[in-house]
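Thanks for coming, everyone. I'd like to walk you through one structure today, so please have the sequence and the 3D view open as I talk.

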Amino acid sequence: MKLKVTPVYSKLKTHYDSSLWRQIVAMGGSRSSKSWSILQLFITILLSRNNIFITIWRNTAKTCRSTVRRDFKNILALDPFLYNAFVENKTEATFTSKDTGSVILFEGADDIGKVLGLAQHISFFNEVTEFNEDVYLQITQRTSEVIFADYNPSKNFWFERFRNDPRTIFDHSTYRDNPFCPREIVKQLNGYDPSKPE
């Protein structure tokens, strides 16, 4: 297995491996690799732990499957070993590790039955700013191990209260933490940075 990882992945993996944190939060701007790195970490978990169940959440199932599931498939497609290590169920929006039986599910918070009915070891809220606090708490109270979340810190919202939670860690990243960000996109993003007048 060959994953090209960023420093963001390495920090997230360290946080996860430490078992110190109930919530691991990746915050950052466009192209910082936060979501991609979380998915890469989940691949390593799915391949190394037996019968783990991970749920990925967006505000709607359609959005989750057209964005985050697509990214997951793109990561697998980069390595023939990874591509062949999982079985995809397109109807259920799941991938199952052939060796460990561990499963990742891509779901939306628009199906309240799924929100209230699923129990998982690990959950991930992609773009947590899209969720209301009640839905978040309903899912997290059914998550037995660790919760991941990511967002672009462009506004204050209810999630900020977890900054005072001793079992939550926030990790900030930018496109500068992603050595694989295409050069033209780096130039464009640099153009938005007032500290770089050139």
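**A walk through the fold**

Let's start with two rings: phenylalanine 95 and phenylalanine 106 are both buried. Before I go further, please keep in mind that this is a predicted model.

How many aromatic pairs does a search of the whole structure find? The search gives 19. In the pair I just named, the ring centres of phenylalanine 95 and phenylalanine 106 are 6.1 Å apart and the planes sit at 80°, so this pair is edge-to-face. Phenylalanine 95 belongs to strand β4 and phenylalanine 106 to strand β5, eleven residues apart, and the pair links distant parts of the chain. If you wonder about the two values, a pair of aromatic rings is described by the distance of the centres and the angle of the planes.

Now for the overall picture. The chain has seven helices and eight strands. Of its 198 residues, 46% count as buried. Take the contacts between residues at least 6 apart in sequence: 70% of them join residues at least 24 apart. The accessible surface of the chain is about 10100 Å², and carbon and sulfur atoms account for 51% of that.

Next, please find β4 and look at its partners. On one side of the story is strand β3, residues 86-89, which pairs with β4 in the antiparallel sense over four bridges. Here phenylalanine 86 stands opposite serine 97 of β4. Four residues lie between the strands of this hairpin, and alanine 93 takes a positive phi near 60°.

The other partner to look at is β5. β4 and β5 are also antiparallel, paired over three bridges, and threonine 96 stands opposite valine 103 in β5. These two strands form a hairpin with five residues between them, and glycine 101 in the turn has a positive phi of about 75°.

Stay with that loop for a moment, please. Serine 102 is found in it, between β4 (94-97) and β5 (103-108). Is serine 102 buried or exposed? Its relative accessible area is 0%, so serine 102 is buried. What does its side chain reach? The side chain of serine 102 comes to 2.5 Å from the backbone oxygen of arginine 49, and to 3.1 Å from the backbone nitrogen of asparagine 51. Beyond its neighbours within four places in sequence, serine 102 is in contact with several residues, including Leu46, Asn50, Ile52 and Phe95. That last name takes us back to the ring pair we began with: phenylalanine 95 with phenylalanine 106.

So, over to arginine 49. Arginine 49 is in the loop between α2 (34-48) and β2 (53-58). With a relative accessible area of 27%, arginine 49 is partly exposed. The side chains of arginine 49 and glutamate 145 are joined by a polar contact of 2.9 Å. Leaving out residues up to four places away in sequence, arginine 49 touches Tyr16, Thr100, Ser102 and Glu145. The C-alpha atoms of arginine 49 and serine 97 are separated by 9.7 Å, although the two residues are 48 residues apart along the chain.

Let's move on to β1. Why can we call this strand largely enclosed by the rest of the structure? Six of the six residues of β1, residues 23-28, are buried, and therefore the strand is largely enclosed. In a regular strand the side chains alternate between the two faces of the sheet. In β1 both faces are covered: Gln23, Val25 and Met27 are buried on one side, and Ile24, Ala26 and Gly28 are buried on the other.

β1 also has two strand partners to show you. Strand β7, residues 143-151, runs parallel to β1 and is joined to it by five bridges. Methionine 27 has tyrosine 151 as its bridge partner in β7. Strand β8, residues 168-173, pairs with β1 in the parallel sense over six bridges, and glycine 28 stands opposite serine 173 there.

Last stop: back to the aromatics. Tyr151, from the β7 pairing, is one of the members of an aromatic cluster that also includes Phe125, Trp158, Phe162 and Phe170. Two arginines lie over rings of that group. Arginine 161 lies over the face of phenylalanine 162, 4.5 Å from the ring centre. Arginine 163 lies over the face of phenylalanine 170, 4.3 Å from the ring centre.

That's my tour; thanks for listening!

Note on methods. Residues numbered from 1 in each chain as written. Heavy atoms only, no water. Buried < 20%, exposed > 50% of the residue type's maximum accessible area, 1.4 Å probe, protein only. Contact = heavy atoms within 4.5 Å. Polar contact = N/O pair within 3.5 Å; in protein donor to acceptor, adjacent residues only side chain to side chain. Pairing = 2+ DSSP bridges. Phe/Tyr/Trp six-rings, centres within 6.5 Å; stacked < 30°, edge-to-face > 60°. Lys NZ or Arg CZ within 6 Å of the ring centre and 35° of its normal. Areas by Shrake-Rupley, 256 points an atom, 1.4 Å probe, with all protein chains shown as cover.
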